Amino acid sequence: MDRDNDAIVLWHDSHSRIEAVRGSVVDMHVDAIVNAANESLLGGGGVDGAIHAAAGPGLLEECVTLGGCETGDAKVTGAYGIDHADYIIHTVGPVWGANGGHDRDDDLLASCYRRSLDLALEKDCHSVAFPGISTGVYGFPIDRAAKVSLRAVTDWLKRHDDVAMDVYFCCFRGVERDAYLALLS
């Protein structure tokens with residue numbers, strides 16, 4: 001997906017920016033797309049299933065070799081059949097309320113964004129697209145997730161002020177875009 005008039009600039013400095021855009025992470029033309037994966041990394045529903053379907057069987061074959069992933073962490077693979085990205089960064093978000101309290105859920109969700117950006121930097125990526133991590137079947141409230149994600153990414157970019165990185169929050173549903181829009185007011 002190319003950026004269009006539906007993009008909302010959430011933050012920027014002289015060489016990096018954060019935007020909320022309409023659509024699926026699978027359609028983004030970026031260096032890396034992020035997968036909201038489960039701990040097995042072997043595919044699932046929602047965005048995870050869509051990414052595995054688009055990437056093809058090579059993705060599953062590589063994911064088998066990774067040995068899973070813990071909540072709050074991330075691992076990187078090739079993009080396989082997704083020809084408009086070089087990498088897929090798989091991160092496991094928290095299941096809302098299952099980790100000892102909502103503050104812990106916030107910490108784990110923020111870690112997903114930081115670890116994904118760390119891996120993007122290691123792979124010399126300059127553009128990354130995120131889906132709504134944990135906001136589907138994992139039940140993380142969308143407004144809270146938008147706040148946590150924007151804070152985590154903004155803080156990461158400020159700590160890495162020598163890095164040029166464009167970050168996109170892909171809003172598949174209108175309520176996701178509305179949550180980011182509300183943060184601007």
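Read from the N terminus, the elements of the protein chain follow the order β-β-β-α-α-β-β-α-β-α-β-α, and in this predicted model they amount to 5 helices and 7 strands. The points below turn from the chain as a whole to helix α2, and then to a glycine in the loop that follows this helix on the way to β4.

**Overall form**

- The radius of gyration of the protein chain is 15 Å, which agrees with the value near 16 Å that a compact globule of 185 residues would have.
- Taken along the principal axes, the box filled by the C-alpha atoms of the protein chain is roughly 45 × 35 × 30 Å.
- Among the contacts in the protein chain with a separation of 6 or more, 64% are made by residues that stand 24 or more positions apart.

**Burial, surface and charge**

- Of the 185 residues in the protein chain, 49% are buried.
- The protein chain has an accessible surface of about 8,300 Å², and carbon and sulfur atoms account for 48% of that surface.
- There are 29 negative and 15 positive side chains in the protein chain, and a distance of 6 Å separates the centres of these two sets.

**Helix α2 and its two faces**

- Helix α2 spans residues 57-64, and its buried residues include G58, L59 and C63.
- These residues lie on the same side of α2, because the arc they cover around the axis is only 135°.
- P57, E61 and V64 are exposed, and they are carried by the face of α2 that is turned away from its buried side.
- The cover over the buried residues of α2 includes one helix, α1 (46-55), together with the strands β4 (74-78) and β5 (87-92).

**G72, between α2 and β4**

- G72 belongs to the loop that links α2 to β4, and although it sits in a loop, its relative accessible area is 5%, so G72 counts as buried, the cut-off being under 20%.
- When neighbours within four places in sequence are left aside, the residues in contact with G72 are V92, L108, S111, C112 and R115.
- One of these contacts, V92, falls within the residue range of β5 (87-92), and β5 is also among the elements that cover the buried residues of α2.
- A20 is not among the contacts listed for G72: the two residues are 52 residues apart along the chain, and their C-alpha atoms are separated by 22 Å.

How values were computed
Residues numbered from 1 in each chain as written. Predicted model: local features only at pLDDT ≥ 70, side-chain atom pairs only at ≥ 80, totals over all residues. Heavy atoms only, no water. Helix = DSSP H or I, 4+ residues; strand = E, 2+ residues; numbered from the N terminus. Rg over C-alpha atoms; globule rule 2.2 N^0.38 Å. Buried < 20%, exposed > 50% of the residue type's maximum accessible area, 1.4 Å probe, protein only. Contact = heavy atoms within 4.5 Å. Areas by Shrake-Rupley, 256 points an atom, 1.4 Å probe, with all protein chains shown as cover. Lys, Arg positive; Asp, Glu negative; His and termini not counted. Charge placed at Lys NZ, Arg CZ, Asp CG, Glu CD. Arc of directions from axis to C-beta.
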